[in-house]
Amino acid sequence: RGLLASGLDPSALLISPRGRGAPELSARGVPVAGSSAEVVEGCRLVLLAVRPHQARDAVAGLPWTEEHTLASLCAGIPIAAYREVVRDANVVRVIPLG
C-alpha cells in the first residue's frame, strides 16, 4: 500500500497469493502471482514480511539465484538464518520505522 501511495506504477509490483492483502491490491492493479516461486522468478528484489517464526520456511525451496535480493522485514532474524535456503542470493534486513 505504501509503494502505491508513493506513486509507483502497480504493474511494477508482483505479490504472492498468500498475502491477506492480495485481493485489495489486485483490485488496485497489482498483479498477483500464482505462487511464491512465481514471485521469485518474476522479481529481482523480493520483500519478505511474515511473522519471524515463518521466515525461513517462507523462502525455502524457491528458485533463488545470485541475481536476487531478499529484503527481510522480519524482526530478529539474522541474515545467516536465510543463507542456507536462499543460497547465493543477496540478503538484507530492513527495519521499518514509523
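**Exercise 1. Is Arg 56 buried, partly exposed or exposed, and what is its relative accessible area?**

Solution. Keep in mind as you work that this is a predicted model.

Step 1. Start with the value: Arg 56 has a relative accessible area of 37%.

Step 2. Compare it with the cut-offs, where buried means under 20% and exposed means over 50%, with partly exposed in between. Arg 56 is therefore partly exposed.

Step 3. Now look for its partner. The side chain of Arg 56 meets that of Glu 84 in a salt bridge, at 3.3 Å from N to O. This pair links distant parts of the chain, with Arg 56 in helix α4 (residues 55-59) and Glu 84 in helix α5 (residues 80-86), 28 residues apart.

Step 4. Apply the cut-offs to the partner as well: with a relative accessible area of 62%, Glu 84 is exposed.

**Exercise 2. Find how many salt bridges the structure holds, and describe the one formed by Arg 28.**

Solution.

Step 1. The count for the structure is 2 salt bridges.

Step 2. Arg 28 pairs with Glu 24, and their closest N and O atoms lie 3.6 Å apart. The limit for a salt bridge is 4 Å, so a distance of this kind passes the test.

Step 3. Check the surroundings of each residue. Arg 28 is partly exposed, at 39% relative accessible area. Glu 24 is partly exposed too, at 35%.

**Exercise 3. Work out the strand order of the sheet, and explain why β1 and β3 each have one side without a neighbour.**

Solution.

Step 1. Trace the sheet from side to side: it is open, has 3 strands in the order β1-β2-β3, and its pairing is parallel.

Step 2. Find the edges. β1 (45-48) and β3 (90-93) each have a single partner strand, so one side of each is left without a neighbour in the sheet.

Step 3. Add the twist, which averages 20 degrees from one strand to the next.

Step 4. Inspect the first pairing. β1 is joined to β2 (residues 69-72) by 4 bridges, and the two strands run parallel. Among the bridge partners are Val 46 with Leu 70 of β2, and Leu 48 with Ser 72 of β2.

Step 5. Move on to the other pairing. β2 and β3 also pair in the parallel sense, over 4 bridges. Here Leu 70 has Val 91 of β3 as its bridge partner, while Ala 71 has Val 92 of β3.

Step 6. Follow the chain between these two strands. From β2 the chain passes through α5 to reach β3, and this β-α-β crossover is right-handed. Helix α5 is also where Glu 84 of Exercise 1 sits.

**Exercise 4. Decide how many disulfides there are, and say why Cys 74 is too far from Cys 43 for a bond.**

Solution.

Step 1. Recall the idea: a disulfide is a covalent bond between the sulfur atoms of two cysteines.

Step 2. Take the distance. The cysteine sulfur closest to that of Cys 74 belongs to Cys 43 and is 17 Å away, too far for a bond. The cut-off for a disulfide is 2.5 Å.

Step 3. Give the result: Cys 43 is in no disulfide, and the count comes to 0 disulfides.

Step 4. Finish with accessibility. Cys 43 counts as buried at 16%, and Cys 74 is buried at 4%.

Key:
Residues numbered from 1 in each chain as written. Predicted model: local features only at pLDDT ≥ 70, side-chain atom pairs only at ≥ 80, totals over all residues. Heavy atoms only, no water. Pairing = 2+ DSSP bridges. Axes fitted to C-alpha atoms, helices over the stretch in contact; angles between N-to-C directions. Buried < 20%, exposed > 50% of the residue type's maximum accessible area, 1.4 Å probe, protein only. Right-handed = clockwise from strand over helix to strand, strands pointing away.
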